[in-house]
Amino acid sequence: GSRGFAYASGMAAITSLMFLFERGDHLVVTEDLYGGSYRLFEKLFQQFGLSFSYVDTSDVELVRRAIRPNTRALFVESLTNPLLKVADVAALAALCKDKGMLCIVDNTFLTPYLVRCLDLGADITVYSGSKYLSGHNDTVCGLVAVKDAALAEKVYFHQNGAGAVLGPQDSWLTIRGIKTLTIRMERQQENALALASWLKGHPGVGRVYYPGLAEHPGHDLMQRQCTGFGAMIAFEVTRPELVERLLMKTRLISFAESLGGVESLITFPKVQTHADIEPETLQRLGINDLLLRLSVGIEDKDDLIADLAQAFE
Ligand SMILES: *Cc1c(COP(=O)(O)O)cnc(C)c1O
């Protein structure tokens, strides 16, 4: 990008980007979006006259059909949360260019190490730096990279105007974290593949969502577009009582929100990260009472598997 900006949080970064739009503007957005972004759009920016349509952005045709005459941007997660649907960033960016819309990619789950969205044609990438980029579950941070210099000047004006900046201590922690991003990511993905494969074979587990598995619908696209599959896994257990058992009995894996750090974390999306999304939408998306999400850390993979195994018993 021509310029990069650091914000006090991922949400501060996304909030600042919304200042690019004005009353009457419409955005097309990923439907299984990060819950905080959904809340920001629906509960805050709607009152300023912006409107949002939520679609499955892993299907370019559905995005095309959602575009209206007043659509100014696509806000897409490159890999979605928690169902890990993969967006074809190059195809979506080309569509946006054709329609005169901005293509904004929330690339938090993959990081620039695994996919370079601006090179694929996106205008803006945004990150919760609190996740993989800082990587130690000890910092809250947002990052934005903008391709075009004139657009970057606007983004700078909005950031400065809102005062949505990152403090010096958190800037230092983020820079320190980024130094080990590549090593952490490699280890985390290796662990994630091992865990996903193990979960797939467990009798207490139904569906496993991990794009590194060959049967995942986004596997081939990711193989073309990215240099890895990331370290987020979602899976369904076969019985509701297993949810509580896993959340309460895992010891190495902590029951906690957030993701992307060196420690493995397990969450219950329906009740935690996605609690602000309408029940019908959750049901339709498959974010149900059986779905758990794992953010896989850098621990020894056999220890992680042993921890899950004992929790299932
Ligand atoms: C966490 C997250 C955010 C928000 O970031 P904060 O740093 O927690 O404010 C936005 N998008 C995605 C995909 C996230 O995972």
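**Close-up 1. Asp106 and its polar partner in the ligand.** In this predicted model, a polar side-chain atom of Asp106 sits 2.7 Å from a nitrogen atom of the ligand. The protein covers 92% of the 380 Å² of accessible area that the ligand has on its own. Asp106 is also listed among the closest residues around the ligand, together with Gly10, Ser128, Ser130 and Lys131.

**Close-up 2. Oxygen atoms of the ligand and their contacts.** Here we turn to Ser130 and Met11. A polar side-chain atom of Ser130 comes to 2.6 Å from an oxygen atom of the ligand. For Met11 the backbone takes part: one of its N or O atoms is found 2.9 Å from an oxygen atom of the ligand.

**Close-up 3. The shell around the ligand.** Stepping back a little, how many residues surround the ligand? There are 14 of them. Sorted by class, this shell holds 6 nonpolar, 5 polar and 3 charged residues. Which helix gives the most to the shell? That is helix α1, spanning residues 10-18, with 3 residues. If you like to think in pockets, the space that the ligand takes is the largest pocket.

**Close-up 4. A stacked pair of phenylalanine rings.** A pair of aromatic rings is described by the distance between the centres and the angle between the planes. The count of aromatic pairs in this model comes to 7. One of interest here joins Phe41 and Phe52: the ring centres are 4.6 Å apart and the planes meet at 10 degrees, so the pair is stacked. Phe41 belongs to helix α2 (residues 35-44) and Phe52 to strand β3 (residues 51-55), so their pairing ties together parts that are 11 residues apart in sequence.

**Close-up 5. The loop between β4 and α4.** This view is one for anyone who enjoys checking backbone torsions. Most peptide bonds are trans, and most residues other than glycine have a negative phi. Which kind of peptide bond joins Asn81 and Pro82, cis or trans? The bond is cis, with omega at about 5 degrees. Pro82 has its place in the loop between β4 (71-77) and α4 (89-99). Leu84 lies in the loop between β4 and α4 as well. The phi of Leu84 is near 60 degrees, a positive value in a residue other than glycine.

Note on methods
Residues numbered from 1 in each chain as written. Predicted model: local features only at pLDDT ≥ 70, side-chain atom pairs only at ≥ 80, totals over all residues. Heavy atoms only, no water. Near = heavy atom within 4 Å. Polar contact = N/O pair within 3.5 Å; in protein donor to acceptor, adjacent residues only side chain to side chain. Areas by Shrake-Rupley, 256 points an atom, 1.4 Å probe, with all protein chains shown as cover. 1 Å grid on protein atoms, 1.4 Å probe; cavity = no way out; pocket = protein on both sides within 12 Å on 5 of 7 lines; lining within 4 Å. Sits in = over half its atoms within 2 Å of the grid points. Helix = DSSP H or I, 4+ residues; strand = E, 2+ residues; numbered from the N terminus. Nonpolar A, V, L, I, M, F, W, Y, C, P; charged D, E, K, R; others polar. Phe/Tyr/Trp six-rings, centres within 6.5 Å; stacked < 30°, edge-to-face > 60°.
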